[in-house]
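Work through the exercises below with the sequence and the model open. Each task is followed by a solution in steps.

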Amino acid sequence: MNGYSDDKNDKMSMYRNHHASELVYRRDSSRSTDSHSTRYGHDSRRHDVKYQRHRQDSESSRTGRRSERGLQEDHSRNPSRHDHDRGSGFIRTSKENHRCDGKDATFKTSNTMIDCSRHYLGSPDFLKTSFHVVTVIAAPIHTFGFYCILQKTPKHMKTVKWLLFNLHCWCVLLDITVSLFGIPYILFPAAAGYQLGIIDAPRLIFYLGVTFVTGVSTSIFVIFENRYFLLFGQNTRWRFVRKYILIGSYCLVPLYFVPSQLSIPEQENVEKFVWQSLSCIPEIPKYDRDLFLVADNIVLLAVSLAIACGVPCIECATVFFLNTYHLVLARKPGKLSNKTIQMQYKLLLALFAQSSVTVIFFLIPVISIIVIIFTGHQSQVFNNIIMLALAIHGIESTLIMVVAHKPYRKFMFLPFYGNRKRPATTVVSIVPSLRLTFSK
């Protein structure tokens, strides 16, 4: 019995040990399995996230390629409509703005730029139509001015006849350049714009326009200098230096804007630079013209403009003061009679009125441009009005010249007063009485 019980106890202990070891193995196996599944579960989830992101990127890239193909197909079907919407090479659609210059590039402004408020006075069509009307009106007025100078200038004005002719030529050249050849559609406060005239050469038109402005102001200085020299400066030191000053003044006319002309930037991809400098996108011309950027650095252009306007203005103010001082305040030279002094005084007043109107109608637009650039105010209506004020300068100058000088004024109003009937007069003949005298 004891042997049997011992065997039975040994079997029971072996069974318990085996069961305990099996439980430990299962527990360890379950732990290792849990850790393995947890680790590989995270890896699988990360793989799923990467796969979803890759799938989204693939879908977006395919969508972008499809939209680009749609834009290209739409542009190929209707090229004229898109080209005319935003100017040369610039397409404005409801989806995006697309540069179709042969490069795979897009310039998106839908999120950062907005279109300016549309007004007919600020449109390119208004500016072009207005300039054409100004040209049609100015042509007969300029012709009449040439006729008055050449045919109706009296003898006491013969010393200024060709000087007036020279000034009138400069004014006409400026008027034709701005109103006919140029027609600048400027996008202030950016120093850029479109040229809508009959000549598509914005660099040349800009240079000619600013050069003719300085030519007008220099011609005014020459007229006042001539008055001073003939009346008061023939016996002074001025007669030794006047020729050099006159020649130097005219030589500087084509040189004032050479630095700014040489600093004009390259005209490739200027749209992005211009649009970034504006608060909104104005209406773009529907004509096949490129956007022209005059200067990316406004300082050099402002310095050139200040020198070109300042030097002739100082010259004009100096000689005008000398003329006024000698005619009004100083002692009159003995060789001049009172009648001559009165005639020269009236001529000086007429020249002053003519030049003052010319300078004023130049200064107002120039000062307005300076204020707009420094304040950054953008209004295409104001820009068009400023350009229109410069365009009518030639008409104003010619009319002031005709009205200010009495011989031209009399000829202009001759059709209104020449045929007026004079009042009837009664001629009374008085016969002297015959007196007889007798001598003693």
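The expected span of a helix is 1.5 Å times one less than its number of residues. Helices (H or I, at least four residues) and strands (E, at least two) are DSSP runs, numbered from the N terminus. This is a predicted model, in which local features need pLDDT of at least 70, side-chain atom pairs count only at pLDDT 80 or more, and totals for chains, interfaces and linings use all residues. Residues are numbered from 1 along each chain as its sequence is written, and side-chain values use heavy atoms, with hydrogens and water left out.

**Exercise 1. Helix 10**

Compare the reach of helix 10 with its expected span, and state what follows the helix.

Step 1. Helix 10 has 38 residues, and 56 Å is expected at 1.5 Å a residue.
Step 2. From first C-alpha to last, helix 10 reaches 53 Å, which is close to that value.
Step 3. Just after helix 10 comes Gly376, with a positive phi of about 75 degrees.

**Exercise 2. The chain as a whole**

Describe the chain by its secondary structure, burial, contacts and surface.

Step 1. The chain has 14 helices and five strands.
Step 2. Of its 440 residues, 35% are buried (buried means under 20% relative accessible area, exposed over 50%, partly exposed in between, with a 1.4 Å probe and protein chains only).
Step 3. Take the contacts (heavy atoms within 4.5 Å) between residues at least 6 apart in sequence: 75% of these join residues at least 24 apart.
Step 4. The accessible surface comes to about 27,700 Å², and carbon and sulfur atoms hold 62% of it. Accessible areas come from the Shrake-Rupley method with a 1.4 Å probe; for residues, only the protein chains shown count as cover.

**Exercise 3. The open sheet**

Give the strand order of the three-stranded open sheet, and explain why strand 3 and strand 5 each have one side without a neighbour.

Step 1. The order is 3-4-5, and the pairing is antiparallel. Two strands pair if DSSP finds at least two bridges between them.
Step 2. Strand 3 (184–186) and strand 5 (292–293) are the edge strands; each has a single partner strand, so one side of each lacks a neighbour in the sheet.
Step 3. Three bridges connect strand 3 with strand 4 (residues 192–195), and Pro184 has Gln195 in strand 4 as its bridge partner.
Step 4. Strand 4 and strand 5 pair over two bridges; here Ala192 is matched with Leu293 in strand 5.
Step 5. Strand 3 and strand 4 form a hairpin with five residues between them. Pro189 lies in this loop between strand 3 and strand 4, and a cis peptide bond with omega of about 10 degrees joins Phe188 to Pro189.

**Exercise 4. Positive phi outside glycine**

Locate Ile183 and Asn269, and decide whether each is buried or partly exposed.

Step 1. As background, most residues other than glycine have a negative phi.
Step 2. Ile183 has a positive phi near 50 degrees and lies in the loop between helix 4 (158–182) and strand 3. Its relative accessibility is 0%, so Ile183 counts as buried.
Step 3. Asn269 has a positive phi of about 60 degrees and sits in the loop between helix 7 (258–262) and helix 8 (270–276). With a relative accessible area of 42%, Asn269 is partly exposed.

**Exercise 5. Salt bridges**

How many salt bridges does the structure hold, and which parts of the chain do they link?

Step 1. Apply the criterion: a side-chain nitrogen of Lys or Arg within 4 Å of a carboxyl oxygen of Asp or Glu. The structure holds two such pairs.
Step 2. In one pair, the closest N and O atoms of Arg289 and Asp200 are 3.9 Å apart. Arg289 is in the loop between helix 8 and strand 5, while Asp200 is in the loop between strand 4 and helix 5 (202–233), 89 residues apart. Arg289 counts as buried, at 16% relative accessibility.
Step 3. Arg242 and Glu225 form a salt bridge at 2.8 Å, N to O. This pair links helix 6 (residues 238–252), which holds Arg242, to helix 5, which holds Glu225, 17 residues apart.
Step 4. Arg242 is buried at 13% relative accessible area, and Glu225 is buried at 1%.
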